[in-house]
Amino acid sequence: MGHFNRKQWNVYMQMAPCDIMNHVISRWWNTGFKTVKAVLKKREYGAKYTQNNFITAVRAMNEFCLKSSDLEQLRKIRRRSPHDDTEAFTVFLRSDVEAKALDVWGSPEALVRERNLRKEVEREYQENIFRNQQLLKEYKDFWGNTKVSSSNSVFSGHLTKSPDQICNGLNFIFKLLAWVYTGSASMFSEAIHSLADTCNQALLALGISQSVRNPDAGHPYGFSNMRYIASLISGVGIFMMGAGLSWYHGVMGLLHPQPIESLLWAYCILAGSLVSEGATLLVAINEIKKSAKQHGLTFYEYVMQSRDPSTNVVLLEDAAAVLGVTLAAGCMGLTSLTGNPLYDSLGSLGVGTLLGAVSAFLIYTNTEALLGRSIQPERVQKLTEFLENDPAVRAVHDVKATDLGLSKVRFKAEVDFDGRVVTRSYLEKQDIDQILNDIQQVKTPEDLENFMLKHGENIIDTLGAEVDRLEKELKQRNPEVRHVDLEIL
């Protein structure tokens, strides 16, 4: 390439730093293409080449079974961190680390044996941690110190001891006694309905208590789906069983009608159940109205757009309970007025149908949640526009935003970065005079390769820092986004 003359130097001084690099590379490409191509083509990237790769101290100690004192005598290289808020860190040459490992352990076979031994010790250590966690959980459960709270649930406080659950349990007992006394098929169905509500709330409380657990190594995205699993089990098992028993009892009443005893006590129990179920329904409606107002939505929009099935489950469960009591009381009233027990059997069939509808709703909503639903298109567009408006981003492709439950979102996208912006970001942090001096020293293809390898690696670090910056800003602007995966195109 030769030395720069004064005219060329004046031209370079008027150019932007990134344009200087592009011009130098273009000039070398046009004048020395065959030579550079020959040099790069002969390069073989095998095990010998990777020995010059860098390795951190933690990785050196883990992979080669060394101590920190073993690394003190090795050559140390300071590498610039790609993150602005992190200081430079120390790395070692892989070849030096491998040589030191052989010196410490004597042979590759001895190093392999030591690795296997440490892996076995690590496995036993992890098993002991899991065992101790289980013992601690059992200890807390035994003393009753397990507390469950969730800001996303309609209930607050200790869900396992909610008044609604206790009320449903008492309703089941009283309705069961009334059925034994009167033999009413509608009262039997209502008893099964209250039992299903009680078991459903217990399972829902269990699912919520598990869903708020912190993520671990085996479940990096947490346990938020546990509430959906518990509610799905409730829909498939409890409510389907209740609907089946109610239908069976109603059909048997139609085929073999039996006279019914005095229904006075049954009416009293249904009246008390209507008051308690109505009160819990009003509480649920008021809580949903407050949440809808906070989100700027109407009551209907909030219920239909809710991504937490527990909200709809509580509302539907209480509404079905009030409707079931009203239906049973109406059919029993017709039986009292006409003396025909068929109306009572029809009431049992109606309550069974109501339970079946609740079961179908639970199965549908929780299946949709477990399949991994996308968030609303408006929110996806908002997240995509944030990336597209960044100067370093040229285009965004294959965007996926999945609802993980508990108001948590996982966002994934393929990002096409603008290399010019990334290069300028790198040059802004460099000594331009030093780079110009390095350019003047380039006289051979080997010099050009070393120059490009040095700055190419640093530009890749800068690109990684840009990805980290975008992920951090995306989470700060959208707190519901907990996991961000940006793939570089």
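Helix H14 (309-338) and helix H15 (342-370) each contribute at least two residues to a nonpolar patch, which lies on the surface of this structure. The model is a predicted one, and it holds 17 salt bridges. The points below take up the patch and then some of these bridges.

**Nonpolar surface patch**
- The patch is formed by Leu254, Leu334, Leu337, Leu342, Tyr343 and Leu346, which together have about 530 Å² of accessible area.
- With three residues, H15 gives the most to the patch.
- Leucine 334 is placed in helix H14, and it counts as partly exposed because its relative accessibility is 38%.

**Salt bridge within helix H8**
- Glutamate 114 and arginine 118 meet through their side chains in a salt bridge (2.9 Å, N to O).
- Because the two residues are four apart in helix H8 (residues 108-143), about one helical turn separates glutamate 114 from arginine 118.
- Glutamate 114 counts as buried at 18% relative accessibility, whereas arginine 118 is partly exposed, with a relative accessible area of 37%.

**Salt bridges between strands S4 and S5**
- Aspartate 416 and arginine 394 meet in a side-chain salt bridge (3.3 Å, N to O); this pair links distant parts of the chain, with aspartate 416 in strand S5 (residues 408-417) and arginine 394 in strand S4 (residues 393-405), 22 residues apart.
- Arginine 394 is partly exposed, with a relative accessible area of 47%.
- Aspartate 398 forms a salt bridge with lysine 412, their closest N and O atoms being 2.5 Å apart, and this pair joins strand S4 to strand S5 across 14 residues.
- Aspartate 398 is partly exposed at 37% relative accessible area, while lysine 412 counts as buried at 15% relative accessibility.

**Salt-bridge network**
- Asp390, Glu466, Arg469 and Glu473 are linked in a network of salt bridges.

Notes:
Residues are numbered from 1 along each chain as its sequence is written. This is a predicted model: local features need pLDDT of at least 70, side-chain atom pairs count only at pLDDT 80 or more; totals for chains, interfaces and linings use all residues. Side-chain values use heavy atoms; hydrogens and water are left out. Patches are made of residues with over 30% relative accessible area and no salt bridge: like charges are joined within 9 Å, nonpolar side chains (Val, Leu, Ile, Met, Phe, Trp, Tyr) within 5 Å. Accessible areas come from the Shrake-Rupley method with a 1.4 Å probe; for residues, only the protein chains shown count as cover. A salt bridge is a side-chain nitrogen of Lys or Arg within 4 Å of a carboxyl oxygen of Asp or Glu. Buried means under 20% relative accessible area, exposed over 50%, partly exposed in between (1.4 Å probe, protein chains only).
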